[in-house]
Amino acid sequence: MSGNIELLNTTLAEAKAADRAALIAYLPAGFPTVDGGIEAVKAVIAGGADVVEIGLPHSDPVLDGPVIQTADDIALRGGVRIADVMRTVREAYEATGVPILVMTYWNPIDRYGVERFTAELAEAGGAGCILPDLPVQESALWREHAEKHGLATVFVVAPSSQDARLATITAAGSGFVYAASLMGVTGTRASVGAQAQDLVGRTRATTDLPVCVGLGVSNAAQAAEVAGFADGVIVGSAFVKAMLDAPDEAVGLAAVRSLAGELAEGVRKR
């Protein structure tokens, strides 16, 4: 079975045709439970998310701040496995028809087996993977299998990336480019900053791929600001925090759905 890279491409193109940015939500698998995580994904989509990234919980998430680290710890203590990540992708995709990607560090894929991982992700209806710590120069094996199975390979660029490096990264990627708005880990911030706009401009000079901005966006005003210069707005920690702060799962699901609605309104205001 082929993965859903074309669905991802079409979804991002349709947002652009509607003169707006896409809203991309991030939630870790297995948080607060595997079933609860699947319901949370459905809730953000019901609220207005166009694309969802499912995090594969990791014991040493170097790019992630304390909020996502806390959620990952809850998921890992709950016994989450790669099979649960695939189940989350499958059930979320089958219920909504929205493109679902997995965001993961390289080590779990390497241990699991690249062919096995890509085949299972495609079979589950996944659209691709975001690989924040896989160097482009070491990605040939992954890209070969991802392409074979119809999966996008999304690389991360940062404000520190030099223009020549940006060109190398974007030439190897597919689906979209994940532009980290600032140097540092994930988390909500008071402002997204001018670095992000500069990075988007420099990245666009190297590629026709959509450029989507993450790290720091947490409310509708910030989403509108980023939507003014990016093709997509990626929000993770704000959704996870809404679940963490809720007294029970039902309240958490209502909170993430409501937040998705506010952010979806924001990306349409640009």
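When I speak of contact in what follows, I mean heavy atoms within 4.5 Å. With that settled, let me say that what we have in front of us is a predicted model, and I would like to begin with one helix and work outwards from it.

In helix 6, which covers residues 114-123, the buried residues are Val 114, Phe 117, Thr 118, Leu 121 and Ala 122. Looking down the axis of helix 6, we find these buried residues within an arc of 125°, so they line one face of the helix. The spacing is what one would expect, because an α-helix has 3.6 residues a turn, and residues three or four places apart therefore point the same way. What lies over that face? The cover on the buried residues of helix 6 includes helix 4 (82-96), helix 5 (106-112) and helix 7 (140-148), together with strand 3 and strand 4 (128-130). After helix 6 comes Gly 125, which has a positive phi, near 95°.

Let me stay in this region and turn to the aromatic rings, where the count comes to three aromatic pairs. One of them joins Trp 106 and Trp 142 in an edge-to-face arrangement, with 6.1 Å from centre to centre and 90° between the planes. Since Trp 106 belongs to helix 5 and Trp 142 to helix 7, this pair ties together parts that are 36 residues apart in sequence. Tyr 112 and Phe 117 also make a pair, and because their planes stand at 85°, with the ring centres 6.2 Å apart, that pair is edge-to-face. Are these four residues buried or exposed? Trp 106 is buried at 17% relative accessibility, and Tyr 112 is buried with a relative accessible area of 17%, while Trp 142 is buried at 1% and Phe 117 is buried at 0%; the cut-off for buried is under 20%. Trp 106, Tyr 112, Phe 117 and Trp 142 together form one aromatic cluster.

Two of those names come back when we look at the largest nonpolar core, which has 94 residues, and in which Val 44, Phe 117, Trp 142, Phe 176, Tyr 178, Val 233 and Phe 239 touch the most other members. Helix 12, residues 249-269, gives the most to this core, contributing seven residues. As for Val 233, if we set aside its neighbours within four places in sequence, its contacts include Ala 21, Ala 22, Leu 23 and Ile 24, as well as Val 213, Val 217 and, further along the chain, Val 267.

Now to the sheet, which is open and is formed by nine strands in the order 5-4-3-2-1-9-8-7-6, with parallel pairing. Which strands stand at its edges? They are strand 5 (152-154) and strand 6 (156-157), each of which pairs on one side only. Within the sheet, strand 2 (residues 51-55) and strand 3 (residues 100-103) run parallel and are joined by four bridges, and Gly 55 stands opposite Met 103 of strand 3. Helix 9, residues 194-204, lies across strand 6, strand 7 (177-180) and strand 8 (211-214), and runs at about 155° to strand 8.

I will end with a residue in a loop, Gly 78, which sits between helix 3 (66-77) and helix 4. Gly 78 is exposed, at a relative accessible area of 69%, and its C-alpha atom is separated by 8.5 Å from that of Val 34, although the two residues are 44 residues apart along the chain.

Key: Residues are numbered from 1 along each chain as its sequence is written. This is a predicted model: local features need pLDDT of at least 70, side-chain atom pairs count only at pLDDT 80 or more; totals for chains, interfaces and linings use all residues. Side-chain values use heavy atoms; hydrogens and water are left out. Two strands pair if DSSP finds at least two bridges between them. Helices (H or I, at least four residues) and strands (E, at least two) are DSSP runs, numbered from the N terminus. Axes are lines fitted to C-alpha atoms, for helices over the stretch in contact, and angles run from 0 to 180 degrees between N-to-C directions. Buried means under 20% relative accessible area, exposed over 50%, partly exposed in between (1.4 Å probe, protein chains only). The arc is that of the directions from the helix axis to the C-beta atoms. A nonpolar core is a set of buried Ala, Val, Leu, Ile, Met, Phe, Trp, Tyr and Cys residues joined through side-chain atoms within 4.5 Å. Rings of Phe, Tyr and Trp (its six-membered ring) pair if their centres lie within 6.5 Å; planes under 30 degrees apart count as stacked, over 60 as edge-to-face and the rest as tilted.
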